[in-house]
Amino acid sequence: MATKIRLKRLGKIRAPYYRVVVADSRTRRDGRAIEEIGKYHPTEEPSLIEIDSERAQYWLGVGAQPTEQVLALLKITGDWQKFKGLPGAEGTLKVKGEKADAATAVAAAAEAAEKHKATVAEKAAAKATEPAEGAEEQEPASDEQA
């Protein structure tokens, strides 16, 4: 039986997410799968990619062929390099940073707003105290036409 490692689409119309599955090559895209080995959420920032490396290595070892999209994901996670014996097996997967505490985020935003208000007030005060230098020199243009 020819097996493929491919994506199974789930989610709403404009909010897709995928499961990385091993399936018979003749089954439908979202049809029955032999095994689910990971998930992929492309709409998150950065994209969430979770693949069970041990199971991916097993299925690649017994001859399952990844699709182009899954091959790209395997290269990002480093599983493809590990399977082929290439350097770079650690992958280039970006991990979402830790969320800041909500209270500290609010305090930081309030502090930034206060600094902005202070600079705007300083600029307004500087304009008000500065003499109007060019006001006496410029006379209104007369509308004389000859």
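Which residue stands opposite Leu-48 in S4? Keep that in mind as a target; the tour works its way round to it. Bear in mind as you click that this is a predicted model.

**Start with the whole chain**

Show everything as a cartoon and colour by secondary structure. You should find 4 helices and 5 strands, following the order β-β-β-β-α-β-α-α-α along the sequence. Now switch on a surface: the protein exposes about 11,200 Å², and carbon and sulfur atoms supply 52% of that area. Of the 146 residues, 23% count as buried. If you like contact maps, look at pairs at least 6 apart in sequence: 30% of those contacts join residues at least 24 apart.

**Select residues 3-11 and 16-24**

Residues 3-11 make up strand S1, and residues 16-24 make up strand S2. A hairpin links S1 to S2 through 4 residues, and the two strands pair in the antiparallel sense over 9 bridges. To get your bearings across the pair, pick Leu-7, whose bridge partner in S2 is Val-20. Colour S2 by accessibility and you will see a mostly covered strand, with 7 of its 9 residues buried.

**Zoom in on Arg-6**

Stay in S1, the home of Arg-6. Is this side chain buried or exposed? Arg-6 is buried, and yet it has no salt bridge. The nearest side chain of opposite charge belongs to Asp-24, 7.4 Å away, whereas the cut-off for a salt bridge is 4 Å. Turn instead to the backbone of Asp-24: its oxygen lies 3.5 Å from a polar atom of the Arg-6 side chain. Then select the surroundings. Setting aside neighbours within four places in sequence, the contacts of Arg-6 include Arg-19, Val-20 and Val-21, along with Thr-67 and Val-70.

**Step across to residues 35-41**

This is strand S3. S2 and S3 pair in the antiparallel sense, over 5 bridges. Select Arg-19, one of the residues in contact with Arg-6, and look across to S3, where Lys-39 stands opposite Arg-19.

**Finish at residues 48-51**

Here is strand S4. S3 and S4 run antiparallel and are joined by 4 bridges, with a hairpin of 6 residues leading from S3 to S4. Show the S4 side chains and rotate: Ile-49 and Ile-51 form the covered face, while Leu-48 and Glu-50 form the uncovered one. Pick Leu-48 and look across, and you have your target: His-41 stands opposite Leu-48.

Conventions. Residues are numbered from 1 along each chain as its sequence is written. This is a predicted model: local features need pLDDT of at least 70, side-chain atom pairs count only at pLDDT 80 or more; totals for chains, interfaces and linings use all residues. Side-chain values use heavy atoms; hydrogens and water are left out. Buried means under 20% relative accessible area, exposed over 50%, partly exposed in between (1.4 Å probe, protein chains only). Lys and Arg count as positive and Asp and Glu as negative; His and the chain ends are not counted. A polar contact is a pair of N or O atoms within 3.5 Å; within protein, one must be able to donate a hydrogen and the other to accept it, and residues adjacent in sequence count only if both atoms are side-chain atoms. Contact means heavy atoms within 4.5 Å. Accessible areas come from the Shrake-Rupley method with a 1.4 Å probe; for residues, only the protein chains shown count as cover. Two strands pair if DSSP finds at least two bridges between them.
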